[in-house]
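Here's a quick walk through one protein chain. Have the viewer open and follow along.

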Amino acid sequence: MKQARTYLGALTLLRYRLPGKTSGYPSLPTGLKVLVCRRVSQAPKRAKKTKQQLEEERKQAEEAARLAQEEQLRLEAQEQARKAAEEEKRQQLIQVHTEQENARLASEREQLVEAFAALGAKCAQERRLQREAESWERTLQCSPLPDISDPPGLHAYFAEAASRQHKDVASVLHTCQEYCTLIRESQQHWLAALQSGDEPLQQHCRKCVQQWQGVMSDAIDAHTACILQNMEDYQEDASGIQVFSQTGSLKYGLWINTTKNPRLKSVEFPQLGISLEIPKLIALASVAVRVQWREADQDLEECTTNLMAMGGVLHLDILSLPVPASKSNGWTLRASTPDTQFIHRLAYPMPPAGADPETWVPEEEPQPIGISINLPPGSILPGTNPQAASWDGKAQAWSTEGMSGMNSSDASGVVAFHSKTVGRFAVVSERTGLLPYQEWHVRPTGGQFGAEAMVAIQTSNPEMALGFQVTKQGIQLVEPRIRRLETVRGRTFSAASALLFELMQLGVYLVPQLRDAGPAGLGMKAPEVARAMCDDVALLASTHLIMGSRWNKQMGPEVCLCRMSKVVDWIEGGRTEAAHVKRIFSREHSSGPHQVSVLMRRGTKGVAFADALDKNKDCPTVPEYGMPEYDSKPLGRLHASIPALLSASAALQEVPEDTESAPEAPSVRR
């Protein structure tokens, strides 16, 4: 093959050298072919490099690589030195800037110390007067209940309540109703402590709630054991024994199966608005079925899922019966042991005698228990998706597993469902169902020198647009006008936490916490920053229209944004209606009597104006702390408080045009 390629190459050369041949290959004699092939194949070959040459080339390549590496290192060191010099200069500038800013902020705070001290003293005085009014109201009602903030009073009341002797269920429920009142007050104080950031008070209130829940359960269980021990005294006919009572929001019902009638299908407590569909397994067993209705959701803070109870919680228990008493010669003989002083709860489905309740598994699917509850009409909020759930003690959460047949009627208030277990049941909905808020605004409603404001919140539920009227007397809910909120709408509450707690009990959850950020798809602001921003808004509420910013949720935990517009036309009646707010903030004029500005809270350090209107196409970015960029213009300077910021802004606007023009608010950029 090699010789053939050589021959063809030779022919190609000859083709262009032989005269008279314009195409094709020439015909050559055999001897000439061999000669051509030999001459081509005997071309001179390159001489191979010696070892010394190869070694020399290797050394030259290594030297070149070393020199290149040294040059690269020299350039890198030079670049690092340049960057270090620039960073040192930058840090010096930042230090100068920070010192100047801190000096200015300290001066502004010093100028406002007396004003804020007077404001704080006034607020403290109002809180003291509020506590005195509550104490006097408690005295007028001759209430034996202690104040939650009085530990000695709590211990004394606890000792007295524990020593009470109860003759019937009504007396037990009367005492338990007092416990429920203490639980509600503890939860209200907890909510107020949550808003103020008082962690020790939060822990104290949570401890009180757990304590009163336990005391109430122990009192009801002890009296139930007493009824079961003396159940013959409650026998009225051969159809079984029923004991029931209701005091306030507490409901109690006990059915003792003494007939074991296989035809029994249901147990009803019409006076309580509760009925049960009894499976055959329970109808043939020597057991008691107890129901309790408690208004308070004791698992609200412990629940690890995004669910909360609406209206109250139903406690359903299956209890074993003690050895029945026997009568002989006019004597009644009852077994009295330490076990008879306590109740013994049974699981459902009930394991056979001798089986281990922890490991026993039923061979067949158990028949579910039907449960029907009459809730107050309007208990289910419009626009929600209620579900029936049971409390899972191991997971510490409301669970819909084993629940079926949920059926509810908002008109009648009847809620029915089936369960394959016993325990605590509730109609639940998403705790964050109203989040995220679509819009909110604050507007003055008391005139130019008034002290009233309206707070409006448009939740993610279109039917839940909330309106709160704030006055010197307190706060009240004015919107929406739905049946579920009739008990609180129009009532004046001395503290916002009390109103928020009542709404929380009705299923309107307006106090999101850190655990709610994930389910709601939001990021939480730092608590101290959020409280500082609320204080800023409160200072502006009587003179400005204030509305949320669509960029706020993208600013991170240390930055808060809101839009504001000063009310200037009080003489004409004041453009402070909801329609005015919507029109002014939808146009976002950058100048004129209805100018809209963006207020930026930078942590707890201070406030400034920012170029972050909603009509901007891109989300603004905020420089890091200490960066002098955001202080490049006078209106972008950080100020210690809202009064200092407004004062500086007014001073700039008064500068004559021929000397200095008021600069625009700077962009919050890196």
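What follows goes from the overall picture to a few helices, an aromatic cluster and some single residues.

This is a predicted model, where local features need pLDDT of at least 70, side-chain atom pairs count only at pLDDT 80 or more, and totals for chains, interfaces and linings use all residues. Residues are numbered from 1 along each chain as its sequence is written, and side-chain values use heavy atoms, with hydrogens and water left out.

**The whole chain**

The chain holds 13 helices and 23 strands; these are DSSP runs numbered from the N terminus, with helices being H or I of at least four residues and strands E of at least two. Of its 670 residues, 39% are buried, where buried means under 20% relative accessible area, exposed over 50% and partly exposed in between, using a 1.4 Å probe and protein chains only. Take the contacts (heavy atoms within 4.5 Å) with a separation of 6 or more: 64% of them involve residues 24 or more positions apart. The accessible surface, from the Shrake-Rupley method with a 1.4 Å probe, comes to about 38200 Å², and carbon and sulfur atoms own 53% of that.

**Two helices**

How do the end-to-end spans of helix 3 and helix 7 sit against the expected ones? The expected span is 1.5 Å times one less than the number of residues.

| Helix | Residues in helix | End C-alpha distance | Expected span |
|---|---|---|---|
| Helix 3 (51–111) | 61 residues | 89 Å | 90 Å |
| Helix 7 | 31 residues | 45 Å | 45 Å |

So helix 7 agrees with its expected span, and helix 3 comes close to its own. The buried residues of helix 3 are I94, H97, E101, R104, L105 and E108. In general, an α-helix has 3.6 residues a turn, so residues three or four places apart point the same way. R58 is in helix 3 too, but counts as partly exposed at 38% relative accessibility. Its side chain makes a polar contact of 2.5 Å with the side chain of E62. Polar contacts are pairs of N or O atoms within 3.5 Å; within protein, one must be able to donate a hydrogen and the other to accept it, and residues adjacent in sequence count only if both atoms are side-chain atoms. At the start of helix 7, a side-chain oxygen of D198 comes within 3.3 Å of the backbone nitrogen of L201.

**Aromatics around helix 7**

Searching the whole structure turns up five aromatic pairs. Rings of Phe, Tyr and Trp (its six-membered ring) pair if their centres lie within 6.5 Å; planes under 30 degrees apart are stacked, over 60 edge-to-face, the rest tilted. Y179 and W212 are stacked, because their ring centres are 5.7 Å apart and their planes sit at 20°. This pair links distant parts of the chain, with Y179 in helix 6 (residues 169–196) and W212 in helix 7 (residues 199–229), 33 residues apart. Both Y179 and W212 are buried, and they form one aromatic cluster with Y157 and F158.

M216 is also in helix 7, buried at 1% relative accessible area. Leaving out residues up to four places away in sequence, M216 touches C176, Y179, C180, I183, L250 and R294.

**N306 and R431**

N306 sits in the loop between strand 5 (287–294) and strand 6 (307–320), and is buried at 15%. Its side chain has a 2.7 Å polar contact with that of T432. Among the residues N306 touches is R431.
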